[in-house]
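Hi everyone, thanks for making time for this. Please have the sequence and the 3D view open, and let's walk through it together.

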Amino acid sequence: MRDDQTSFYCTAFLGVGVVASGSLQHVISTVKDALDERDLTQILIFDDTTGKQIDVDFRGKTDDLLTQLGEQFGDLPGTEMNHQPTRRVGRPKLGVVSGEVTLLPRDWEWLKSQPGGASVTLRKLVGDARRVGGKQSNIRESQEATYHFMTAMAGNFHQYEEALRALYAGDLDRFYHYIDDWAPDIGNHIKRLASNAFPEGNL
């Protein structure tokens, strides 16, 4: 997930080398200032969150390009407007919402017998489930981001398919082994995208 609505981080590649990495604003400005028109047509920019390629038309002035990208991906730092919600008058919400839960009698008996009672136990169970689900979600998102970038930049590399199988199998050692001799910038970026792709026990 992104840090906030204005944090859009990406990495630009020219061939197998990294040209710039950071906020979208920084990457676009750096690339425009550092490269000539011929090289600009060969630049590939990837979203650091999803691993997907970002289509950028570098024609025109940098400010105009950043404005267009701000409209496409959300406000960029330095151009965002104040989106603070209006503060409502009245008592603040306590953060507790009541609702109905349908359970079997034996489930209710078990809940009532737990320390703190049914409500406390249910909140603990929900919290535990969210943490477990969150970890699995992070693994899937990291795997997918790695897959998108690998397919675009390393699809014809030696042992690409083997590396992909190791990624989805959760085998970190084999994954690193297969990508070890790939172009350094590409290999390092893949490792960065795959940082949450493996279960903790395999790190």
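**A walk around H6 and its neighbours**

Let's start at a single glycine: just after H6, Gly170 takes a positive phi of about 75 degrees. Before we go on, please keep in mind that this is a predicted model.

Now step back into the helix itself. Which residues of H6 are buried? In this helix, which covers residues 160-169, they are Tyr160, Ala163, Leu164, Ala166 and Leu167. Looking down the axis of H6, you would find these buried residues within an arc of 160 degrees, so they line one face of the helix. Turn to the other side of H6 and you meet Glu161, Arg165 and Ala169, which are exposed. If the spacing looks odd to you, here is a handy rule: an α-helix has 3.6 residues a turn, so residues three or four places apart point the same way.

Next, the aromatic rings. How many aromatic pairs does a search of the whole structure find? It finds six. One of them is Phe157 with Trp182, an edge-to-face pair with 5.4 Å centre to centre and 85 degrees between the planes. Phe157 belongs to the loop between helix H5 (117-154) and H6, while Trp182 belongs to the loop between helix H7 (172-179) and helix H8 (184-193), so this pair ties together parts that are 25 residues apart in sequence. Are the two partners buried or exposed? Phe157 counts as partly exposed because its relative accessibility is 21%, and Trp182 counts as buried because its value is 6%.

Here is another pair to click on. Phe175 and Phe198 are tilted, with 5.5 Å centre to centre and 50 degrees between the planes. This pair, too, links distant parts of the chain: Phe175 sits in helix H7 and Phe198 in the segment after H8, 23 residues apart. Phe175 is buried, at a relative accessible area of 0%, and Phe198 is buried as well, at 4% relative accessibility. Elsewhere, Phe13, Phe46 and Phe149 make up one aromatic cluster. Rings can also have a charge for company: the charged end of Lys191 sits over the ring of Tyr176, 4.8 Å from its centre.

Some of these names come back when we look at the core. The largest nonpolar core has 24 residues, and those with the most contacts inside it are Phe149, Met150, Phe175, Trp182, Ile186 and Ile190. Which elements give two or more residues to this core? They are H5, H6, H7 and H8. Met150 is a nice residue to zoom in on: leaving out residues up to four places away in sequence, Met150 touches Gly155, Tyr160, Ala163, Leu164, Phe175, Trp182 and Ile190. There is also a second, separate core of 18 residues, and among them are Ala12, Val27, Leu65 and Leu69.

Last stop, helix H5, where you will find Thr121. Thr121 is buried, with a relative accessible area of 8%. What does the side chain of Thr121 reach? It reaches the backbone oxygen of Gly117, at 2.8 Å. Again leaving out residues up to four places away in sequence, Thr121 touches Trp110, Leu111, Gln114 and Pro115. Leu122 lies in H5 too, but Leu122 is partly exposed, with a relative accessible area of 25%. The C-alpha atoms of Leu122 and Val101 are separated by 10.0 Å, and these residues are 21 residues apart along the chain.

Methods. Residues are numbered from 1 along each chain as its sequence is written. This is a predicted model: local features need pLDDT of at least 70, side-chain atom pairs count only at pLDDT 80 or more; totals for chains, interfaces and linings use all residues. Side-chain values use heavy atoms; hydrogens and water are left out. Buried means under 20% relative accessible area, exposed over 50%, partly exposed in between (1.4 Å probe, protein chains only). Helices (H or I, at least four residues) and strands (E, at least two) are DSSP runs, numbered from the N terminus. The arc is that of the directions from the helix axis to the C-beta atoms. Rings of Phe, Tyr and Trp (its six-membered ring) pair if their centres lie within 6.5 Å; planes under 30 degrees apart count as stacked, over 60 as edge-to-face and the rest as tilted. A charge sits over a ring if NZ of Lys or CZ of Arg is within 6 Å of the ring centre and within 35 degrees of the ring normal. A polar contact is a pair of N or O atoms within 3.5 Å; within protein, one must be able to donate a hydrogen and the other to accept it, and residues adjacent in sequence count only if both atoms are side-chain atoms. Contact means heavy atoms within 4.5 Å. A nonpolar core is a set of buried Ala, Val, Leu, Ile, Met, Phe, Trp, Tyr and Cys residues joined through side-chain atoms within 4.5 Å.
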